[in-house]
Amino acid sequence: MSKNYFSSLICKTAKTDWNNLTHDEIINLNTYDFMAYLGKRVINPGGIRGRDQVLNILKPKPGSHVLEIGGGSGHAACYMAKKYQCHVTTVDISTRSIRDAEKLISEKGLSNTVRCEVGDVNNLSFNDETFDYVICQAVIMFVDQRRALSEVRRVLKNGGVFVGLEFSWKKSPPSDVRERTYHVCGCKTLDFHSLDGWMEKLHEASLARVKGAEHPFSLLSPRGFLRDEGWVNSLQIAGKVLRRKANMVRMSEIWSHFSRNIEYFSYVVFSGEK
């Protein structure tokens, strides 16, 4: 699967200038792009709590090399490099996200320890056994999962650790909830599983010492939003939502669906070794 093919599947608009989106283009943004367009910095099912759960498992050693897949605007990569004194390479399918990440890395003075590039999890550009650790958050559910996990294992060094965070079904949903979820997310390819289903995927990828745990989904609750973004950015996002009807319509669609069906949603944090 090529990078362009994957991009065409999950993105409904090809525009790179978010300042000039039309009403219909905003309505048709996938959930990730919509939240990024609003200025949300933490975009994964577990928020900052989920990020910290991932890093508490990973615990990269100083000087080690970490690959972050789907790094978005670079906040997690910069946090990781600074806290653990490790080298981080962050890749994302979106050229817009990479530009934002490059800007943030420069602002934080981390250009010597964090690098970023456009990349596709299904076709990573790195040599075999390049990284001590691989991390991804809300990525595998969008792609060819067998191929993506094979690529993750390929670029890991022997003994290396992979940690991921993905949406999961807390309990099996009725077909209308499942289909509506995929529609609201705005993705033509989206497939996530129960905790046991995700564990099976890691075993199929020949990862060893597979572990996983399920956690409650709270990303779109008011408390979760404030925890992840803080008061200042939360208010800025709220102001942007209220400035355009299209923003209000799209946010209402996303928020109301997940709130009404919260009993079906959770996220999982899982890990495996090569």
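**Close-up views of the predicted model**

**View A. Pairing of strands β5 and β7.** Strand β5 (residues 156-169) and strand β7 (residues 265-273) run antiparallel and are joined by 9 bridges. Within this pairing, Phe162 lies opposite Gly272 of β7. The model shown here and in the other views is predicted.

**View B. The open sheet and helix α6.** Seen in full, the open sheet comprises 7 strands in the order β3-β2-β1-β4-β5-β7-β6, and its pairing is mixed. Strands β3 (114-118) and β6 (208-216) form the edges, each pairing on one side only. On average, neighbouring strands of the sheet are turned by 15° against each other, direction ignored. Helix α6 (residues 95-107) packs on the sheet, where it touches β2 (87-92) and β3. The direction of α6 makes about 165° with that of β3.

**View C. The largest nonpolar core and Ile69.** The largest nonpolar core contains 57 residues, of which Leu67, Ile69, Val134, Phe162, Phe192 and Phe258 touch the most other members. Leaving aside residues up to four places away in sequence, Ile69 touches Val91, Val121, Leu124, Val134, Ile135, Cys136, Gln137, Val139 and Val152. A second core, separate from this one, has 25 residues, including Val88, Ile98, Ala101 and Leu110.

**View D. Packing of helices α10 and α11.** Helix α10 (residues 222-243) packs with helix α11 (residues 245-260) at an angle of about 145°, and their axes are 9 Å apart. Pro222, Phe225, Lys240, Val241, Leu242 and Arg243 of α10 make the contact with Lys245, Asn247, Met248, Met251 and Trp255 of α11. By class, this contact has 7 nonpolar, 1 polar and 3 charged residues.

How values were computed
Residues numbered from 1 in each chain as written. Predicted model: local features only at pLDDT ≥ 70, side-chain atom pairs only at ≥ 80, totals over all residues. Heavy atoms only, no water. Core = buried A, V, L, I, M, F, W, Y, C linked by side-chain atoms within 4.5 Å. Buried < 20%, exposed > 50% of the residue type's maximum accessible area, 1.4 Å probe, protein only. Contact = heavy atoms within 4.5 Å. Axes fitted to C-alpha atoms, helices over the stretch in contact; angles between N-to-C directions. Helix = DSSP H or I, 4+ residues; strand = E, 2+ residues; numbered from the N terminus. Nonpolar A, V, L, I, M, F, W, Y, C, P; charged D, E, K, R; others polar. Pairing = 2+ DSSP bridges.
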